[in-house]
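Here are my notes on the model you sent over. I've kept them as numbered points so you can follow along with the structure open.

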Amino acid sequence: MRHLLRTAFLLSLLGLGQPALAQVPLGQASTVREGLEIGASTSEIAITSDFRGADLTIFGALTNADELFLAIGQYDVVVTLEGPNDYATVRKKERVLGIWMNTQSMTFEQVPESYSLASTRQIDSIDQAPSLNNIGVGIDHLALNPVGYIPDSGLIGEFRDAYRRLKLTSGLYQRDTSGVRFVSSSLFRASLKLPANIPDGLHMVRAYLFKSGQLIVQREMPLRVVKTGIEQAITDAAHERPIAYGFLCVLIAVITGWGASLLFRKD
């Protein structure tokens, strides 16, 4: 009995009688996933009579980021501002008997009316085109799906390119491949340009976090663009009282024309 007690005492001193603690093998990947938090400099953009566009600043932070991947620049951030979705029709003009006429058209379903993008670098250098097409990130990777039956599928690419070109020319689609900058190891700031002709309505701010070319997390938040003052009053009148609004427009045109004829008539 004395011998058994002595053995138990020695085992307790050596720690052999205690359960082994679980340890993560050296080099094994951590199960903790990275996170992403974002915030905007404002939640509402007001369109007034002297609105000439605006700058929107998005602040963000990476959580549980890998220090090694941060040091070697393996994290990329893409931030987009997408306007309200609507149907868009693109028409092709051709010269017929000396007259320019609309000969063909194609309508795309539910595409953003406006789209601004900022990223840490070129989109196509962050991830592969098929992956970007699946998540719809980037002007060249937006889902432009035509409505109805298209007899010649070869025209789809032509009309898609024309749609993107028109949007870029009008300023409603914009991209800045250096618009996202890390201000510290895990904090970043994105600058988005809002054009003067930005449509009013509910817009969505979306932020995407890529790690070594793979999308690992995304966040989104709403942004309202509203008309204020006389612009909002005119918009409300046109939608809520269309007959009275039309009559008022005709009356103003008649009075303006009559007044101009009195001012500039020759005696």
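1. Let's start on the outside. Phenylalanine 247 counts as exposed because its relative accessibility is 59%, and anything over 50% falls in that class. Keep in mind as you read that this is a predicted model.

2. Where does phenylalanine 247 sit? Its place is in helix H6, which covers residues 242–264. Phe247 also belongs to a nonpolar patch on the surface, together with Leu248, Leu251, Ile252 and Ile255. That patch has an area of about 500 Å².

3. Now the overall picture. The protein chain has six helices and 12 strands. It is 267 residues long, and 30% of those residues count as buried. Its accessible surface is about 17,400 Å², with carbon and sulfur atoms contributing 56% of that.

4. A word on contacts along the chain. Take the contacts in the protein chain with a separation of 6 or more: 69% of them are between residues 24 or more positions apart.

5. On to the aromatics. There are five aromatic pairs in the structure. One of them is tyrosine 163 with tyrosine 173, an edge-to-face pair with 5.9 Å from centre to centre and 85 degrees between the planes. The two partners are 10 residues apart and link distant parts of the chain: tyrosine 163 is in helix H4 (residues 154–170), while tyrosine 173 is in strand E8 (residues 173–176).

6. Are those two tyrosines buried or exposed? Tyrosine 163 is buried, because its relative accessible area is just 4%. Tyrosine 173 counts as buried too, since its relative accessibility is 1%. For both, the cut-off that matters is under 20%. Tyr163 and Tyr173 also share one aromatic cluster with Phe108 and Tyr115.

7. Last stop, histidine 203. This residue lies in strand E11, which spans residues 201–211. Histidine 203 has a relative accessibility of 0%, so it counts as buried.

8. What does the side chain of histidine 203 reach? It gets to the backbone oxygen of glycine 201, at 3.2 Å. If you set aside neighbours within four places in sequence, histidine 203 is also in contact with Leu81, Glu82, Gly83 and Pro84, with Ser114 and Ile198, and with Met221, Pro222, Leu223 and Val225.

9. To recap the contrast: phenylalanine 247 counts as exposed, whereas histidine 203 counts as buried. If you look at just two spots in the viewer, I'd pick the nonpolar patch that includes Phe247 and the contacts around histidine 203.

How values were computed. Residues are numbered from 1 along each chain as its sequence is written. This is a predicted model: local features need pLDDT of at least 70, side-chain atom pairs count only at pLDDT 80 or more; totals for chains, interfaces and linings use all residues. Side-chain values use heavy atoms; hydrogens and water are left out. Helices (H or I, at least four residues) and strands (E, at least two) are DSSP runs, numbered from the N terminus. Buried means under 20% relative accessible area, exposed over 50%, partly exposed in between (1.4 Å probe, protein chains only). A polar contact is a pair of N or O atoms within 3.5 Å; within protein, one must be able to donate a hydrogen and the other to accept it, and residues adjacent in sequence count only if both atoms are side-chain atoms. Contact means heavy atoms within 4.5 Å. Patches are made of residues with over 30% relative accessible area and no salt bridge: like charges are joined within 9 Å, nonpolar side chains (Val, Leu, Ile, Met, Phe, Trp, Tyr) within 5 Å. Accessible areas come from the Shrake-Rupley method with a 1.4 Å probe; for residues, only the protein chains shown count as cover. A salt bridge is a side-chain nitrogen of Lys or Arg within 4 Å of a carboxyl oxygen of Asp or Glu. Rings of Phe, Tyr and Trp (its six-membered ring) pair if their centres lie within 6.5 Å; planes under 30 degrees apart count as stacked, over 60 as edge-to-face and the rest as tilted.
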